[in-house]
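Ready to poke around a fold? Work through the exercises below, then check yourself against the solutions.

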Amino acid sequence: MIRSRWLDAALPAALLCAAFPAQTSAVTPAQGFGADTSTYLGRLAKLGFEGVVLVAKDGKPILVEGYGLADRERGIPWGPGTVSTIGSITKQFTGAAILLLQEEGRLSIRDPITKHFADVPADKESITLHHLLTHSSGIVDLDGIGDFDPIERDAFVRRALDQGLAFGPGEGYAYSNAGYSLLGVIIEQLTGGTYEQFVRDRLFLPNAIFETGYQLPAWGEGRVAQGYATGERWGTVLERPMDTDGPYWVLRANGGIHSTAYDMLRWAQALTAGRVLSSASMEQYWTPHVRESGDSHYGYGWVVMALPPDIKVITHNGGNGIHFADMAIIPDASAIIFLQSNVVAGFPLAQRLLEQLGRRLLAGVPYPELPDVVESSAETLAAVAGVYELAGDILRVTVDGGSLLAEAQGPRAFAHLHSTRPVDPERCDRFSRRIDEVVSAWLAGDFAPLYEAYGRRTAMERLQAGRRETMRDWEAEHGRFQRHVVLGSAMRPERDATVVRFLFENGHEDRAYVWDRKTEERLLGYSVRGVDARLRFYPTSGGSFASFDRMTGVSKPLRFEDDGRALRLGEGEGTVRGRRG
């Protein structure tokens, strides 16, 4: 799985370091954890989270709960036995398999790859298995080949070795899925069987791990979680093209394995109990070999962090932008945390959930405040739906199921609706004008304004290619392009954003252009899901409503007054009032 596309990275060290301050809360770690966590996750589920969370302490699960539906079409709920892909958590199995083969004398992590592959180019002859395990080989992922493209083992090896290096062997760190697939090739060559069969026979079955793998487990009907994006079914990795013995080689041994929460608990327990590898191998497995950034280092298929005051966290996550899994083992605290979700495309906050669980479990840090969503009658919702004048523009409020949707019509209303900081109208207007000029030029084939907005950091050729590919894909889906409209700019928690709507014959695409708050005129890039043009408001206790940003976790209150003839949006100095038109 390709890191930039598949969101494969261990939890950022800076976040985790902040999570465990040297002076911890007065709350005793784990005190009330189960009840607090169940309440928090229950509220998250009402706001769109779907998945399963498992937390174990001192060898026993203290929380194992599923939330929402793993399969909406069949109405099958999430549970600890739900099967879902764990993405790049797969890499820890490859790392363990290599160390097991070393214990048996069939290889050494210091072996140069020339011992296992023929005709290795000269620039790669000094690459060792240690380099592949720690992403320090310089091997890069295959250009132009996706996870499900049918590339066989020998062809994959040739392509991976013939490509140029990102840096000299051992001279840097760059996350490489291809490097782990090469390790998978070595495992198959030495054992004479498939990668999946080896890890199943030697790692899984001896430890009562029966439901983890690519194809061999007998999962049965209805066990596998379906993925969802923008409300639509994406499906599963298993229904994508595969070879007869597992995934093709862009994915094999680096990602894509499926598992359950209970199986991953058994795996973590087997590791910590010394049932998988010898103590010497475990030392190598979890040693912080190569620095990623800050206090984050890469071991052999794991990220290793040393957090204050003196907490060692062994962690990794994985996903494909739809499905997501995250795992942490904290040996000194005898704690294990694992979670899976099938909606990370629409609920990016799931990628920060493990951090929140760890803060609460180990440091007693309270969970963030969440809206307490309640049911509201159709009559109550309909009574406040309508068109409101807001900041000289229009705010249209409609009913959608059991909640409200608010959509701004006009840049000032947009800024007040979507900003999470007090609105500076002149700043927002300036950003909107600038992006209108940049996008107009971009559409006309003039890339100089975008080049300047990016601080001359992106090559003109890349900007040109990006436009061709983007418009080709959009027009293939929506028909001929017609025009663009700048919806407005908003002041967000960490960065400001300007949203542009591209209109086609049959639909539209929204793109959020993101600004650097430190350098006001510098454009950082764009995000297709940075800011939704509409904001959903959920009914909460007390007759009020609240939004919830599924990316940042930020919430904004909305209150209706004067029998629904007026509204109050926001709180404190960011409050703005509106009246029905």
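**Exercise 1.** Which residues of helix 3 are buried (under 20% relative accessible area, 1.4 Å probe, protein chains only)?

*Solution.* Start with the list: Phe33, Thr37, Tyr40, Leu41 and Leu44. Looking down the axis of helix 3, these buried residues sit within an arc of 95 degrees (taken from the directions from the axis to the C-beta atoms), so they line one face. Next, find the cover: strand 1 (51-57), strand 2 (60-67) and helix 11 (353-363) are among what lies over them.

By the way, this is a predicted model: local features need pLDDT of at least 70, side-chain atom pairs count only at pLDDT 80 or more, and totals for chains, interfaces and linings use all residues. Residues are numbered from 1 along each chain as its sequence is written, and side-chain values use heavy atoms, with hydrogens and water left out.

**Exercise 2.** Where is glycine 138, and what is it in contact with (heavy atoms within 4.5 Å)?

*Solution.* First, find the loop between helix 5 (129-133) and helix 6 (153-162); glycine 138 is there. Its relative accessibility is 2%, so glycine 138 counts as buried. Then skip neighbours within four places in sequence: glycine 138 touches Gly164, Leu165, Ala166 and Phe167.

**Exercise 3.** At what angle do the axes of helix 6 and helix 7 cross?

*Solution.* Take lines fitted to C-alpha atoms over the stretch in contact, with angles from 0 to 180 degrees between N-to-C directions. The axes of helix 6 and helix 7 (residues 177-191) cross at roughly 135 degrees and come within 11 Å.

Note on methods. Buried < 20%, exposed > 50% of the residue type's maximum accessible area, 1.4 Å probe, protein only. Helix = DSSP H or I, 4+ residues; strand = E, 2+ residues; numbered from the N terminus. Contact = heavy atoms within 4.5 Å.
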